[in-house]
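Colleague: I'm new to this, so could you walk me through a few spots in this model?

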Amino acid sequence: MLQQRSSGLLLHITSLPSAHGVGDLGPEAYRFADFLAEAGQTYWQILPLTPVDPGAGFSPYSSPSAFAGNTLMISLEKLADEGLLNPDELAVFNEQPIRDVTITEAPTTAGGATADVLVSPLATAPSALHAAWIRKRPLLEQAAQTFLRESTPGQQSDYDRFCGWQADWLEDYALFSALQEATGEPFWIRWPTAIVRREPVELARQRELLRDRIEVIKVLQYFFMRQWNELIAYCYARKIHLMGDIPIYVQLNSADVWANPTLFKLDEDFQPLFVAGAPPDYFSEDGQRWGNPIYDWAEHERTGFAWWMRRLRHQMSLYSLTRLDHFLGFAVYWEIPASEPTAKVGEWVKAPIEAFMHAMHRQFVQLPVIGEDLGAKAAEIQAYLRHYGIPGMRVVQFGFGEDMPTSTYAVHNHSENFVVYSGTHDNNTTLGWFRESDDELRQRINEYIGIEITEANVVDQICRLTMQSVARLAIIPIQDILNLDETGRMNTPGSGGRSWQWRLQPDQLTDKVAEKLLKLTKMTGRG
């Protein structure tokens, strides 16, 4: 349960400025932490840190691992500071803009598997991320090789401890990634049968054959985790807490499903019988067909939810607070037959939320989690959130509908144990939302706030309402603090395209912005 009034900003690591085409855990992350401290903020909320899949449009919610870190976020500058990269080579490398990179090879996933080729770094936004990975990968590999070759006994001991602590997921993930490269086949279902079925003798043989490659992959995970922990320590010293995010589902082509097929509803050939999604709603008239395999909840319950407990424990080691995405799915989920092309056809199926919540509470006692309880069926999980003291979410943008007097999103209906947002990563920016609103919605906004709302003042007014809410924690996307329009939107659910590509510009975090936010924070008792 949230104990005191506080506030923070939402900004994903990949959205930070960087010379390498994608934000990372380097100097700009520390600069943003300083900005948060200067602005009186307590929380920095990010999106999932796991590896991204180019085939899924680089969505942080679709990953080949529920545990691994996205090595694209590793800071080259920090590796150079440690002597793992040549600073002169890095300086030359940094002088080449991302737009000058020509893709001459098939882009790869974070695990090394070949991805669909995109023709030009500028043709579409995702190709810029492909280009960023192609630029960074050789230097990351070089740093890993240098570490393996030149690490001191102390460094080697630290690395060995990391491998031991993370062994329950690291060994499978490293082998999975190495096999993607060695077979030339990114999808594990199409590997040789003995590997697909994880026959022990064959897996042992592959581990020996791929030993060197596996070690490089593990070292890159070590680099990521070490840099993440250094950033956490820097933030904590400035009284900034990190808030993370756990996607409820994992993707079929992942180390998790390959290593644990009995935990999912698959046929004898490991193809999904059903896939996850959401029925038609506010975001999409066809619903959202996410395509993730459905959990076999009966098997999870039989094991005491052991896999989930390991996943939660891992996430809680990374963050002070963790948002459980699509919390509804622990109670009831939309099950789509795998043969259906959209989410229109499906049915609601119950999940064992009572047993899951009891297991979670028994494991952790204090639950530093937030339940994402948005959507039409949110009422079905409120009792569980209240019983375990888990904060839910309220989005101010949702509070101006025709049901405004009774809407749980309207600020006058908020309660203390909630996290209030002006908007989330799935919403348009507040300015973009206002621009696309109709006359009736604008009239309700005017009447509620009590003044005429225009494009010039709407963002300030919505941010003010968010901070004035009785909800103990307020989170505002950085785009709203900067008064950005729809071009700053992070994600449009179900649309693909340019989602996940937005980047902060280095000159946008000014002293004036920090001073304005600090004043609002103190005025609303959050500083």
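Modeller: Sure, starting with the ground rules. It's a predicted model: local features need pLDDT of at least 70, side-chain atom pairs count only at pLDDT 80 or more, and totals for chains, interfaces and linings use all residues. Residues are numbered from 1 along each chain as its sequence is written, and side-chain values use heavy atoms, with hydrogens and water left out.

Colleague: Where is Trp 500, in terms of helices?

Modeller: Helices here are DSSP runs (H or I, at least four residues), strands are E runs of at least two, and both are numbered from the N terminus. Trp 500 has a phi near 70°, positive although the residue isn't glycine. Most residues other than glycine have a negative phi. Its place is in the loop between α18 (478-481) and α19 (511-523).

Colleague: Why does Trp 500 count as buried or exposed?

Modeller: Buried means under 20% relative accessible area, exposed over 50%, and partly exposed in between (1.4 Å probe, protein chains only). Trp 500 counts as buried because its relative accessibility is 10%.

Colleague: Which residue in β3 is the bridge partner of Tyr 43?

Modeller: Two strands pair if DSSP finds at least two bridges between them. Strand β2 (residues 43-45) runs parallel to β3, with three bridges joining them. In β3, the partner of Tyr 43 is His 241.

Colleague: And which residue in β6 stands opposite Ile 246?

Modeller: Strand β3 (residues 241-246) has five of its six residues buried. β3 also pairs with β6 (residues 321-324), in the parallel sense, over four bridges. Opposite Ile 246 stands Leu 324.
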